[in-house]
Amino acid sequence: MKRYSALLALPFVFMLASQAAGAAATAKLSGDFGPPQGEPIHAVLTSPPNVPPPIHRKFPAKVIVDLEVIEQEKEISEGVKYMFWTFGGSVPGSFIRVRQGDTVEFHLKNNPGSKMPHNIDLHGVTGPGGGAASSFTAPGHESQFTFKALNEGVYVYHCATAPVGMHIANGMYGLILVEPPEGMPPVDHEYYVMQGDFYTSGKYREKGLQPFDMDKAIDERPSYVLFNGAEGSMTGDKALTAKTDQTIRLFVGNGGPNLVSSFHVIGAIFDKVRYEGGTNVQKNVQTTLIPSGGAAVVEFQTKVPGSYVLVDHSIFRAFNKGALAIMKVDGPARKDIYSGKELDSVYLGDRAQANMSGVSAATKAAASGTLTLQDQINAGRELFAGTCSVCHQANGAGIPGVFPPLAKSDFLAADPHRAIGIALRGLTGKVVVNGGEYNSVMPPMSQLNDDEVANILTFVLNSWDNKGGNIDAATVKAERAKPAVAPKSEH
């Protein structure tokens, strides 16, 4: 009889379980898991490329976010300053991590030293303006509003004070992650990477303090396209790090304000991509599109040691506007997967060096009027490694019949200043160097500024048994100002 009663009860148990599962699914779909539980929690905020720790609690909470707007002058490139407007003192702004169903009490402060009012629009907010209408904040003031994080995903936030495009272009964007209730699968490393396009009155790498150029921004002609707000922000001794046989998760955003990113990691295939920051997953992806104001989560495994280059694969942005970062992976060789030969300079450009200390020292010396010949040589050596060594070789020997030698070059000795015009405008056709004939094309190095051209040529003139001498930036500037007539090839 008891067995019969138990059998009768089974459908009722299954019905309750089904109802519970259905209720949980409905709650997840709506994002409403009820009122917050426990004491309020102050969110851990991190600056890029760092990410706050995963959330392990199983209940919704009240999460307090304190974020301060700071307007500050920082380097956008070597020797180039820019007045950034920031959330939390970094570009992109502080990474925010909450759980789906959390009630977020948001405090936006505008530093008393700011010149402009600001607000915040979080794409993860359900409500008019994403919080913008509730957070307009004058310098020295604080605004507060509350929202419930209903949808899981990774979302962009940005300033939405008029003119909106200018505020975003000055660096006012970041990411907020709304984790699912069960959390995200554990990985070995999580990093925060966000692309942005910047519009300076001076051209790429032009030294000094560069103001924002509204006309360039409207015309969508950026001087820089950058990861994490500065050229070289994740290269050299600031490169991302990992070991072999680890799983990497990148939270990748695109603040814009204008360009779509073609995000790619050279030498890696994304095992999973949560495209557009949502819940759908695509597998075995080479390059993923991230719209302006959008984000993605990419995951991959590190199997082979070496330097992996993160780029916007709209590739001139990587090598001529700065959209390049590096992840250094340490570990034992895997010759069964990859032969092991690595030539960093092909892809790393002038970021091939562990750091650019020689360039930094020369930039500071030039600004103070104390630049020496040795400063130029040291800077030129570092720049040559990434800009010229692939063709002319690290020892200046060139490639027979293809690229002429720079070592003990009679061509350079005959007229050292002739090299300035060749660097700026390129050279096509036959030349004779050290008795050998070469017929190839050298493209113009117009992406280099006057200091860089001067320092590279000074390094070459003082290396490999060349006769010495120096080229200064003023001479390069004067040559650049001449009419753009291609130099004749020498016979």
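This report describes strand pairing in two regions of a predicted model.

**Strand 3 and its partners**

Strand 3, spanning residues 80-87, is mostly covered, with 6 of its 8 residues buried. Strand 2 (residues 62-77) pairs with strand 3 in the antiparallel sense. Strands 2 and 3 form a hairpin with 2 residues between the strands, and G79 takes a positive phi near 75° in this hairpin. Within the pairing, V69 has F87 of strand 3 as its bridge partner. Strand 3 is also joined to strand 11 (residues 208-209), and these two run parallel. Here the bridge partner of K81 is L209 in strand 11.

**The open sheet**

An open sheet of 5 strands follows the order 13-21-20-15-18 and has mixed pairing. Strand 13 (240-243) and strand 18 (287-290) stand at the edges; each has a single partner strand, so one side of each is left without a neighbour in the sheet. On average, neighbouring strands of this sheet are turned by 20° against each other, direction ignored. Within the sheet order, strand 20 stands beside strand 15. Strand 15 (residues 261-266) and strand 20 (residues 306-312) pair in the antiparallel sense, and F263 has D312 in strand 20 as its bridge partner.

**Pairings described above**

| Strand pair | Sense | Bridges |
|---|---|---|
| Strand 2 and strand 3 | antiparallel | 8 bridges |
| Strand 3 and strand 11 | parallel | 2 bridges |
| Strand 15 and strand 20 | antiparallel | 4 bridges |

In general, strands of a sheet pair through backbone hydrogen bonds, in either a parallel or an antiparallel manner.

Technical notes
Residues numbered from 1 in each chain as written. Predicted model: local features only at pLDDT ≥ 70, side-chain atom pairs only at ≥ 80, totals over all residues. Heavy atoms only, no water. Pairing = 2+ DSSP bridges. Axes fitted to C-alpha atoms, helices over the stretch in contact; angles between N-to-C directions. Buried < 20%, exposed > 50% of the residue type's maximum accessible area, 1.4 Å probe, protein only.
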